[in-house]
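Me: I'm new to this one. Can you walk me through it and tell me what backs each statement?

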Amino acid sequence: MYQRKDLLGLKELTADEISLILDTAVPMKEIIQRDIKKVPTLRGKSMVTLFYEPSTRTKTSFEMAGKYLSADTSSLTVSASSVVKGESLIDTGRTIEVMGTNVIVIRHQAAGAPHLLAKNVKARVINAGDGMHEHPTQGLLDLFTMREKKGDLGNLTVAILGDIMHSRVARSNIWGLTKFGAKVHVVGPSTLIPKEIKQMGVKVFHSVEEAVKNVDVINVLRVQRERQKKGLIPSLKEYAKVFGLDKKRASLAKPDALIMHPGPMNRGVEIMPDVYECEQSVVDEQVTNGVAVRMAVLYLLMGGKGVYEATN
Ligand code: CP
């Protein structure tokens, strides 16, 4: 049983709790491969997505996950809501809650916003990305994909390549992977690697070639173009030349190494199109697994029953 009220980050979860979510996602993946992708498990339960930042994958996959489990789902478009009239996060959350909502899925530009909401509502809160802090369901779907393809996470060496400093995906991956004993390499421009990252138990590199040598997984992060304005990278062209994952660099990893990217991608910048298209790339499967993992999270938080039954 998942005993927590909310899912706010992988930092606070134990390896057993993470394993429970990943194990629960296995039958969920089977459901989404059926012709009729619907089970009555969460009938009568409700979920609202509350996204203060844009999203394609996370928001849509939560909505699909809820629908596949027969929950009632609704999405609040923040830019067309009373948030623009100045309504606070807490008041917005309470308003959604008193409509009878069981789960609020929130993405917010401020680190800690989901935690603040969770303290102030009885509804369960899922963090769908908060500032540079965590993106726990992305971390979980990445771990699920690695475990599904490679087995025991504790045997893996994973290189995370790119803008580590601003990446909540990197942080959730690191918290999750290190709990299982995986070795984690981080690599990117020195301006995009925070000094304190070493305290998370990772090995820091500034050469892609050295970082990816013999690894089992290369997880490539999006270059956040908005950071260019701060002068943290000289140009996208320069970045692609020094840190972009091309076939030659990818070939230094183990021959069967996985190539991952959380999306959205800048093709030709952090990842070359032929690397994304290659046999080792599991980028599309990560998206599919995102639905399965989010179904598992909703199921565990809302106490679903009878997961295997088909809807009549
Ligand atoms: N990986 C990810 O969070 O993508 P979206 O921003 O499209 O949700």
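Me: Where is proline 264 found?

Reply: Proline 264 sits in the loop between β9 (258–260) and α10 (273–277); helices (H or I, at least four residues) and strands (E, at least two) are DSSP runs, numbered from the N terminus. The peptide bond from glycine 263 to proline 264 is cis, with omega near -5°. This is a predicted model, where local features need pLDDT of at least 70, side-chain atom pairs count only at pLDDT 80 or more, and totals for chains, interfaces and linings use all residues. Residues are numbered from 1 along each chain as its sequence is written, and side-chain values use heavy atoms, with hydrogens and water left out.

Me: Which residues are around the ligand?

Reply: Ser55, Thr56, Arg57, Thr58, Arg107, His135, Gln138, Pro262 and Gly263. Each has a heavy atom within 4 Å of the ligand.

Me: What makes the link between glutamine 138 and the ligand a polar contact?

Reply: A polar contact is a pair of N or O atoms within 3.5 Å. A polar side-chain atom of glutamine 138 lies 3.0 Å from a ligand nitrogen, so the pair qualifies. Threonine 58 offers a side-chain N or O atom 2.6 Å from a ligand oxygen, and a polar backbone atom of threonine 56 is 2.8 Å from a ligand oxygen.

Me: Why is the ligand said to lie between the domains?

Reply: Domain 1 (15–135 + 287–301) and domain 2 (136–285) both give residues to its shell, so the ligand lies between them. Those bounds come from an automatic or database domain assignment.

Me: What is the phi of serine 70?

Reply: Positive, about 70°, although serine 70 is not a glycine. Serine 70 belongs to the loop between α2 (57–68) and β2 (72–77).

Note on methods:
Polar contact = N/O pair within 3.5 Å; in protein donor to acceptor, adjacent residues only side chain to side chain.
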